[in-house]
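Me: I would like a close look at a single part of this model, with its surroundings described carefully enough that I can follow along in the coordinates.

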Amino acid sequence: MKKIEAIIKPFKLDDVREALSEIGVTGMTATEVKGFGRQKGHTELYRGAEYVIDFLPKVKLEIVVQEDIMERCIEVITNAARTGKIGDGKIFVSSIEKVLRIRTGEEDREAI
């Protein structure tokens, strides 16, 4: 099993969720996060005072999938989240050793 973590722009969340649902992904976790990278941030003016926003709002998606659909998930996330502009995000993939569904006690493949 693989865990896919994707950091995307917040307004792309629904597009990514719908695209993943179409290929059979049945669950994910979305967390509102802040971060910076090449996009750097920007300066804003508020009540006459200028201030710098270093950390920009993003959404972090966490999805656990079987290895056989991992590449398809990555492709779908990439296509749905891409705007072609700086700050589109990143995708990280890591291995999962064990999954356990608390309610039923199901493990691994059955628990996803």
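What follows concerns the sheet and the charged residues around it. Which strands make up the open sheet, and in what order? What surrounds K2 in strand β1, and which salt bridge does K9 form?

Reply: Since this is a predicted model, what I describe below is computed from its atoms and should be read in that light.

I begin with the sheet itself, which is open and consists of four strands in the order β2-β5-β1-β6, paired in antiparallel fashion. Its edges are formed by β2, covering residues 29-35, and by β6, each of which pairs on one side only. Direction ignored, neighbouring strands in this sheet are turned against each other by 20° on average. In general, the strands of a sheet pair through backbone hydrogen bonds, and they may do so in parallel or antiparallel fashion. At the β2 edge, the partner is strand β5, residues 56-65, which runs antiparallel to β2 and is joined to it by seven bridges. A position you can use to find this pairing in the viewer is T31, which stands opposite K60 in β5.

Two helices accompany the sheet. Helix α1, made of residues 13-22, packs on it and touches β1 (2-8), β2 and β5, while its direction makes about 10° with that of β5. Helix α2, for its part, lies across β1, β5 and β6, and runs at about 5° to β1.

Strand β1 is also where K2 is found. This lysine is buried and yet has no salt bridge, for the nearest side chain of opposite charge, that of E67, is 4.6 Å away. That distance lies outside the 4 Å limit within which a side-chain nitrogen and a carboxyl oxygen count as a salt bridge. What the K2 side chain does have is a polar contact of 2.9 Å with the side chain of S95. If its neighbours within four places in sequence are left aside, K2 is in contact with I63, V64, V65, E67, M70, V93, S94, S95 and I96.

The structure holds eight salt bridges, one of which pairs K9 with D88, their closest N and O atoms being 3.8 Å apart. This pair links distant parts of the chain, since K9 sits in the loop between β1 and α1 and D88 in the loop between α2 and β6, 79 residues apart. Both of these residues are buried.

The loop between α2 (67-81) and β6 (89-95) also contains G87, which counts as buried because its relative accessibility is 18%, below the 20% cut-off. The C-alpha atom of G87 is separated by 7.0 Å from that of R38, although the two residues are 49 residues apart along the chain.

For further salt bridges, you may look at two pairs whose members are partly exposed. E18 forms a salt bridge with R17, with 3.9 Å between the closest N and O atoms; E18 counts as partly exposed because its relative accessibility is 41%, and R17 is likewise partly exposed, with a relative accessible area of 39%. In the other pair, E106 forms a salt bridge with R101, the closest N and O atoms here being 2.6 Å apart. E106 counts as partly exposed at a relative accessibility of 29%, and R101 is partly exposed with a relative accessible area of 26%.

Definitions and conventions. Residues numbered from 1 in each chain as written. Predicted model: local features only at pLDDT ≥ 70, side-chain atom pairs only at ≥ 80, totals over all residues. Heavy atoms only, no water. Buried < 20%, exposed > 50% of the residue type's maximum accessible area, 1.4 Å probe, protein only. Pairing = 2+ DSSP bridges. Axes fitted to C-alpha atoms, helices over the stretch in contact; angles between N-to-C directions. Contact = heavy atoms within 4.5 Å. Lys, Arg positive; Asp, Glu negative; His and termini not counted. Polar contact = N/O pair within 3.5 Å; in protein donor to acceptor, adjacent residues only side chain to side chain.
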